[in-house]
Amino acid sequence: ATEATAATAAATATATVDFSAVVECSKVLVEERGRRLVAAKLKEAVDDNPQLCLTDMAFELLLYLCNTMLHEMKNSGSRDLIAARFLLQAASKIRRRAAGGDDMFEFLQQFLKGYAVFADIHLWEELFWEEIAATHRRLEGDRLQRSGFSGRATVATPPSTTVGGGDGDGDKNALQIDEDLAMMSLELAISRMGYWCVPLHVIMSFVGSTLGQLQLGEANRRRCSARV
């Protein structure tokens, strides 16, 4: 899917975009592999430039590409959470200037949040464990060794995600996650789910399941419920 990566790179640039290249790219979105390549390219663009701000033309063409991807995903019956996760992460940051002032922006996610795949609890569970593990790896040699944090909670490896080193020995895959970090990550996830219009019953189910795996108590459950 060379066309997919090339057109996606063009769509995330601020230079003139060739619409024919974007249309050609949309053809590969019929296949799951093509969707993953395009979504991964978008996430890569955001990772390289977290403040990515597009021209109106680039934004509209990229929105066309994303809508096509999500329609093809729905039509195929594929629950491709890998592509959906990449797209969610990218769409939360890709933006354009909105009418009304230089400090006002529209984000790509505002135009994509109605798709059913973004209400899938498994998507948010995978995203949560991926991000909390990444944060833990960044902090374990620094902030997690400081005395300013409160007590720790053992985070068991969820069934579909490897959080630790992954040698298959059960507890050896567990991370010792600081409780404050766990709650901060969970509250952030709740806020993001709300912005993506995830139904309330899905959010509550996600909170209950995640708190159970984090082995956190009733006080934290009430704290999370207050955020919903």
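A residue is taken as buried when its relative accessible area is under 20%, as exposed when that area is over 50%, and as partly exposed in between (1.4 Å probe, protein chains only). Helices (H or I, at least four residues) and strands (E, at least two) are DSSP runs, numbered from the N terminus. The model is predicted, so that local features need pLDDT of at least 70 and side-chain atom pairs count only at pLDDT 80 or more, while totals for chains, interfaces and linings use all residues. Residues are numbered from 1 along each chain as its sequence is written, and side-chain values use heavy atoms, with hydrogens and water left out.

Helix α5 is largely enclosed by the rest of the structure, because ten of its eleven residues are buried. The buried residues of α5 are Leu-81, Ala-83, Ala-84, Arg-85, Phe-86, Leu-87, Leu-88, Gln-89, Ala-90 and Ala-91, and they pack against α3, α4, β3 (105-107), α6 and α7, where contact means heavy atoms within 4.5 Å. The N-terminal end of this helix is capped by Asp-80, of which a side-chain oxygen lies 3.3 Å from the backbone nitrogen of Ile-82.

The largest nonpolar core, that is, a set of buried Ala, Val, Leu, Ile, Met, Phe, Trp, Tyr and Cys residues joined through side-chain atoms within 4.5 Å, has 57 residues. Within this core the residues with the most contacts are Ile-94, Leu-108, Leu-112, Phe-118, Trp-124 and Phe-206. Two or more residues are given to the core by each of α2 (19-27), α3 (32-48), α4 (56-76), α5 (81-91), α6 (121-139), α7 (179-195) and α8 (200-214), and the largest share, ten residues, comes from α4. Once neighbours within four places in sequence are left aside, Trp-124 is in contact with Leu-88, Phe-118, Ala-189, Arg-192, Met-193, Trp-196, Val-198 and Phe-206.

Side chains of opposite charge can pair when their charged atoms come close. The structure holds nine salt bridges, each defined by a side-chain nitrogen of Lys or Arg within 4 Å of a carboxyl oxygen of Asp or Glu. One of these joins the side chains of Arg-85 and Glu-126 at 3.2 Å, N to O; the pair links distant parts of the chain, with Arg-85 in helix α5 and Glu-126 in helix α6, 41 residues apart. Arg-85 is buried, with a relative accessible area of 11%, whereas Glu-126 is partly exposed at 23%.

A salt bridge is also formed by the side chains of Arg-96 and Glu-106 (2.8 Å, N to O). Arg-96 lies in strand β2 (residues 95-97) and Glu-106 in strand β3, so this pair ties together parts that are ten residues apart in sequence. Arg-96 counts as buried at 10% relative accessibility, while Glu-106, at 23%, counts as partly exposed. Glu-32, Arg-36 and Asp-80 are joined into one network by salt bridges that share partners. Within that network, the side chains of Glu-32 and Arg-36 meet at 3.5 Å, N to O, and these two residues are separated by about one helical turn because they stand four residues apart in helix α3. Glu-32 is partly exposed, with a relative accessible area of 33%, and Arg-36 is likewise partly exposed, at 30% relative accessibility.

Notes:
Polar contact = N/O pair within 3.5 Å; in protein donor to acceptor, adjacent residues only side chain to side chain.
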